[in-house]
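Visitor: I have a structure open on my screen and would like to learn how to read it. Could you take me through some of its features?

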Amino acid sequence: MPTLCGIPSLTSHPDPESSRPEGPPIVGRAAVVERLARTVSSVGAYVVLTGAAGMGKTRLAREVLDRVVARGADRVEIVGGGPPSSIPLGPAAHLVPVITGDVPLAGLIAATLDGLRRRASEKPLVVLLDDADLLDDATKALAGHLVGVAGTSILATTRRTSDVAQHLGVVGRDVVQVFPVEALTPSEVAELASWQAGATLARDSSAEIFDITGGNPLWVLELVRSARSRGGLVPTPAGLVVDTARAVGGLDLLTAGRVGAFRSEERRLLELVAVAGPLPLGLISRAEERTLLESLVDESVLEIRGDATAPVVRFTHPLYRQAIRNGLGDLDRQRLLRELIARADPDTGRPGGGDRTLLLKLAMWHAELGEPFDPDALGWAAHEVHWGLLDELRRHLTGPGSGEDDPEAPAAAAAGLHRPEERSDAADLLATQAWNERRSFDDGLTLAFLILHRPERADLLIQLFEDLRTMAADGAQAAMAAIVHGIWLHWVARDRPGAARLLEAAAVGLEPPWRQMVESTRAGLGVQSGDIDDSLQALEAAWPGDDAPDLAKLVNWSPRAAALVNAGRLEEGVALARRALASPLPAVGHALNALEELTVTDHWGRLCLGAYDEVAAGSEAIADLLRDSDQFEGRALMMGMAARCRLLAGRPATAADLLEEAIRRHGTLANLGFRPMLHSTRAVALAWTGRFDEAAAEAEQAEQWLDPPRFYDADVRLARATVMAAAGHLTAAARLAETAAEDAEARGGWYFALQARLTAARIDPSPPRVAAARSAAGHVDGPVPRLAVAYVEALEQGDSTRLEELAGLGAAMGEGLLAVEMLEAAVARHDGGTTSRTRLRAALAAQRSRCEGASSPLLSEAAAAPLLTRREFEVATLAARGLASPAIAKELTCSVRTVETHLYRVFAKLGINARSDLAAALEARTGPGQVPLLG
């Protein structure tokens with residue numbers, strides 16, 4: 001979010017040292033409070049906290065004041081809103097000196113200012129302006145004059161998020177520093193909700209609370225309070241479960257009470273917005289309604305969203321809309337909808353001037369009213385509702401020259417259909433009605449793609465496939481009917497052989513280029529199932545030619561680019577994806593699916609090439625575009641892509657939090673093959689932060705969601721290998737990574753094969769494993785494989801100097817985590833003097849601090865060398881975890897006597913006498929967190 005002075009938003013950073021407060025805790029914001037306190041302590045500062053109601057601005061501000069006062073400052077509070085703000089200087093009445101006689105307002109302001117100036121001359125003075133946007137003009141003038149007064153700083157809170165300085169009447173606006181106070185993250189919501197409940201909540205319950213409240217602290221507290229007072233907290237072994245249905249009932253009473261207090265004219269405007277969904281701002285045309293709107297926005301009940309060309313009005317929280325709608329009957333809703341329709345054109349009720357945005361909204365209203373409407377308009381509207389963000393997405397990816405001047409491109413967003421369920425339901429409604437009114441091939445195909453991944457609509461889809469096959473009038477339509485049916489069989493029905501047979505049979509009866517389009521689709525499904533080599537050859541053979549229609553080329557380009565990337569031909573795959581994205585291709589049906597896949601391939605390929613910052617920024621920007629659309633599963637994927645970049649660049653804790661949101665907030669993702677990647681990436685991120693139990697749980701989740709055969713197989717196995725290595729099962733972990741590599745190589749998936757070979761070599765840098773990694777690297781483009789191979793070669797040789805050199809190179813390339821691991825290995829293998837060892841340890845500490853304290857879960861063996869041999873360390877680690885000698889012998893495939901011999905040598909080398917001393921001795925050697933003792 002932009003600020004007036006470039007100060008970043010208040011992001012949450014949990015501080016484990018913060019103590020439990022008497023009131024609700026400042027969850028995740030202790031570090032922010034301290035930063036604000038330092039800023040406010042600078043005499044002359046003017047700091048403004050902005051955000052919606054309930055975000056905790058006042059609590060945060062008073063916590064800051066407490067810290068500043070504890071350091072010797074004086075404080076003054078001026079609170080806006082309520083009856084005092086209805087009279088001049090009312091909120092500051094306690095500061096106005098008693099003056100006899102008839103004194104003008106300007107004199108009172110001057111006298112009050114003089115008194116504050118004297119207080120500031122004795123000790124630094126901090127003035128809190130709470131709800132500053134609700135202050136009267138005289139008090140705002142007083143606050144404005146305080147700017148620049150010696151010894152004075154100002155801390156303000158406001159619900160305004162734009163033109164803050166201008167609204168507060170600050171003349172020297174460049175002195176204002178704006179801190180947007182943002183919603184809590186899922187983990188912070190869990191902490192706050194658990195505090196309010198008095199016990200830890202179950203993970204699913206805290207995730208549901210986050211979904212309902214959107215991370216608003218006030219709503220979190222109220223929801224749990226309501227659950228507690230209504231008997232909606234149920235203890236379970238996994239933690240407290242919140243009966244949110246019962247709790248939301250309590251919130252309904254709270255919101256109903258609030259909206260019931262509005263005046264009749266305000267309530268009428270709220271009813272219009274509640275019935276129509278997000279309402280185009282242009283329909284609120286009368287001056288008095290604009291005044292009412294501004295008042296309701298100030299109350300944080302309504303908000304204005306969207307860009308300047310297509311602003312919409314919507315409720316700040318769905319519970320407000322629900323409370324209003326609950327008070328309306330069916331006849332009331334129809335009356336309000338008809339009133340809105342009439343506003344488009346008082347004579348006809350239809351839009352003029354070819355306004356397709358309003359046509360879309362009117363189509364939805366007519367459908368909701370059950371009235372007949374032009375089927376052509378309905379079919380078009382359904383298409384725009386579901387895919388309305390694609391043009392915006394393509395403009396973001398390709399820049400100027402891609403249709404950015406087309407005023408109709410963002411029609412769905414402009415119509416105010418922002419929430420996922422609103423867009424999906426509207427699209428389904430309109431497409432179904434269009435199909436029922438006129439059975440055309442195009443309308444049927446639109447409906448099929450809309451409900452393709454909805455298992456509950458299987459009966460309708462099967463009938464649609466039959467109808468489309470019968471209605472197909474040419475090769476293009478026959479190809480599309482077969483393609484959509486094949487995709488459904490492959491992904492939703494899970495009948496991969498059936499999908500292949502159907503597409504193979506369909507291709508036989510078609511002429512070029514439609515035959516090649518069907519063949520490309522079949523090969524593309526093979527790529528997504530992990531058969532890289534065979535599918536890539538089939539795709540190259542199915543190229544329809546440069547003169548083929550754009551759609552036929554696109555359906556070949558998309559899977560071919562993905563196959564090239566996963567085959568390790570990264571630069572070639574990225575170049576092909578970018579070429580296709582820049583082409584003037586249609587944004588409909590299967591073409592849209594292909595364009596989305598190309599977007600993913602482009603980002604994934606550049607990620608594999610090591611462009612972490614660039615890909616993370618692009619992925620997060622796309623995720624923001626998809627935030628309020630029905631593309632919530634696509635958003636989860638882009639968030640996962642960004643998180644993987646953050647992880648590899650050295651921010652594992654940030655990556656873990658981002659992945660938690662991607663997984664928990666975006667549906668079941670049951671039909672999407674990338675969900676295992678989200679879990680496996682999070683497992684690795686958690687392992688690097690020392691959260692080994694959680695890492696093991698995520699690795700298990702990745703395996704449960706796996707839909708073999710898939711090219712994510714290796715990624716999921718590597719997550720499991722990482723967790724196993726962290727738990728001390730080094731031999732088994734290296735063996736699992738090798739198996740993953742062999743399977744990936746057999747299918748031609750050289751990128752994942754290389755990652756698996758490198759993992760095995762990092763766990764056990766034996767000559768055969770290092771040689772295998774070197775061989776796999778020859779199949780993969782880019783500088784990262786060369787760096788990684790040089791690293792495992794240095795591990796094999798035990799070359800501390802080379803490891804240190806490579807760590808510097810890795811850090812410069814943006815390989816933050818790899819640099820940490822290289823320095824850990826360099827420290828462990830260092831055999832030089834004390835001075836150089838101290839320098840190495842300092843470099844490691846500095847790199848870890850840049851990487852959120854990360855420590856490699858793969859290098860426990862390396863960290864103990866050369867004191868213990870690899871097998872001695874493995875036996876010691878397993879014994880430290882509590883395994884008996886027979887269990888260790890079974891794990892390592894050796895005799896109990898061999899285990900006891902290794903333990904005897906370990907005890908002697910570490911200077912201990914019992915197994916109970918192993919954990920402490922190993923941790924003293926390797927450092928805290930390096931020997932995870934998993935139960």
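Guide: Gladly! One term first: a residue is called buried when its relative accessible area is under 20%, and exposed when that area is over 50%. Keep in mind too that this is a predicted model. Now try the term on Asp 131, which sits in the loop between β3 (125–130) and α4 (137–146).

Visitor: Is Asp 131 buried or exposed?

Guide: Asp 131 has a relative accessible area of 16%, so it counts as buried. Its backbone deserves a look as well: phi of Asp 131 is positive, near 50°, and the residue is not a glycine.

Visitor: How should I read a positive phi?

Guide: The general idea is that most residues other than glycine have a negative phi, and most peptide bonds are trans. Leu 89 is another case to look at, with a positive phi of about 65° although it is not a glycine. You will find Leu 89 in the loop between β2 (74–79) and α3 (105–122). Its relative accessible area is 4%, so Leu 89 is buried.

Visitor: You mentioned peptide bonds. Which residues does a cis peptide bond join?

Guide: Pro 512 and Pro 513 are joined that way, with omega at about 0°. Pro 513 belongs to the loop between α22 (496–508) and α23 (514–528).

Visitor: Let me turn to helices. How do I read which way their residues point?

Guide: An α-helix has 3.6 residues a turn, so residues three or four places apart point the same way. For a case here, go to helix α42 (residues 870–880).

Visitor: Why is α42 described as largely enclosed by the rest of the structure?

Guide: Because ten of its eleven residues are buried. Among them are Phe 873, Val 875 and Leu 878, together with Arg 870, Glu 872 and Glu 874. After α42 comes Gly 882, with a positive phi near 105°.

Visitor: And what about a single residue within a helix?

Guide: Try His 485 in helix α21 (residues 475–491). Its relative accessibility is 12%, so His 485 counts as buried. Setting aside neighbours within four places in sequence, His 485 is in contact with Phe 465, Arg 469 and Leu 502.

Visitor: Can I read a loop residue in that way too?

Guide: Yes, and Ala 45 makes a good exercise, in the loop between α1 (30–41) and β1 (46–50). With a relative accessible area of 8%, Ala 45 is buried. Beyond its neighbours within four places in sequence, its contacts are Thr 39, Val 40, Thr 152, Ser 153, Ile 154 and Gln 177. Ala 45 and Val 126 are 81 residues apart in sequence, with their C-alpha atoms 9.2 Å apart in space.

Visitor: How do I read the chain as a whole?

Guide: Begin with its elements: the protein chain has 45 helices and ten strands. Of its 935 residues, 55% are buried. Among contacts with a separation of 6 or more, 69% are between residues 24 or more positions apart. The chain exposes about 37700 Å², and carbon and sulfur atoms supply 52% of that area.

Visitor: How do I look for empty space inside?

Guide: Rolling a probe the size of a water molecule over the atoms shows where empty space is left. In this structure there are five cavities of 30 Å³ or more, and the largest has a volume of about 660 Å³. It is lined by 33 residues, of which Arg 644, Leu 648, Gln 755, Thr 759 and Arg 762 are the closest to its centre.

Visitor: Which element gives the most to that lining of the largest cavity?

Guide: That is α35, with seven residues. Other elements giving two or more residues include α27 (589–608), α29 (632–649) and α39 (816–829). By type, the lining of the largest cavity has 23 nonpolar, five polar and five charged residues.

Visitor: Last point: how does confidence vary along the model?

Guide: The mean pLDDT of the chain is 78, and 75% of its residues reach 70 or more. Among the elements, helix α36 (residues 767–777) has the highest mean, 96, and helix α16 (residues 390–398) the lowest, 41. Over residues 1–21 pLDDT stays under 50, and the model has 45 contacts beyond four places in sequence for them. Residues 927–935 are also below 50, with 24 contacts in the model beyond near neighbours in sequence.

Technical notes. Residues numbered from 1 in each chain as written. Predicted model: local features only at pLDDT ≥ 70, side-chain atom pairs only at ≥ 80, totals over all residues. Heavy atoms only, no water. 1 Å grid on protein atoms, 1.4 Å probe; cavity = no way out; pocket = protein on both sides within 12 Å on 5 of 7 lines; lining within 4 Å. Points joined across faces, edges and corners; volume = space filled by probe spheres on them. Helix = DSSP H or I, 4+ residues; strand = E, 2+ residues; numbered from the N terminus. Nonpolar A, V, L, I, M, F, W, Y, C, P; charged D, E, K, R; others polar. Buried < 20%, exposed > 50% of the residue type's maximum accessible area, 1.4 Å probe, protein only. Contact = heavy atoms within 4.5 Å. Areas by Shrake-Rupley, 256 points an atom, 1.4 Å probe, with all protein chains shown as cover. pLDDT = per-residue confidence, 0-100.
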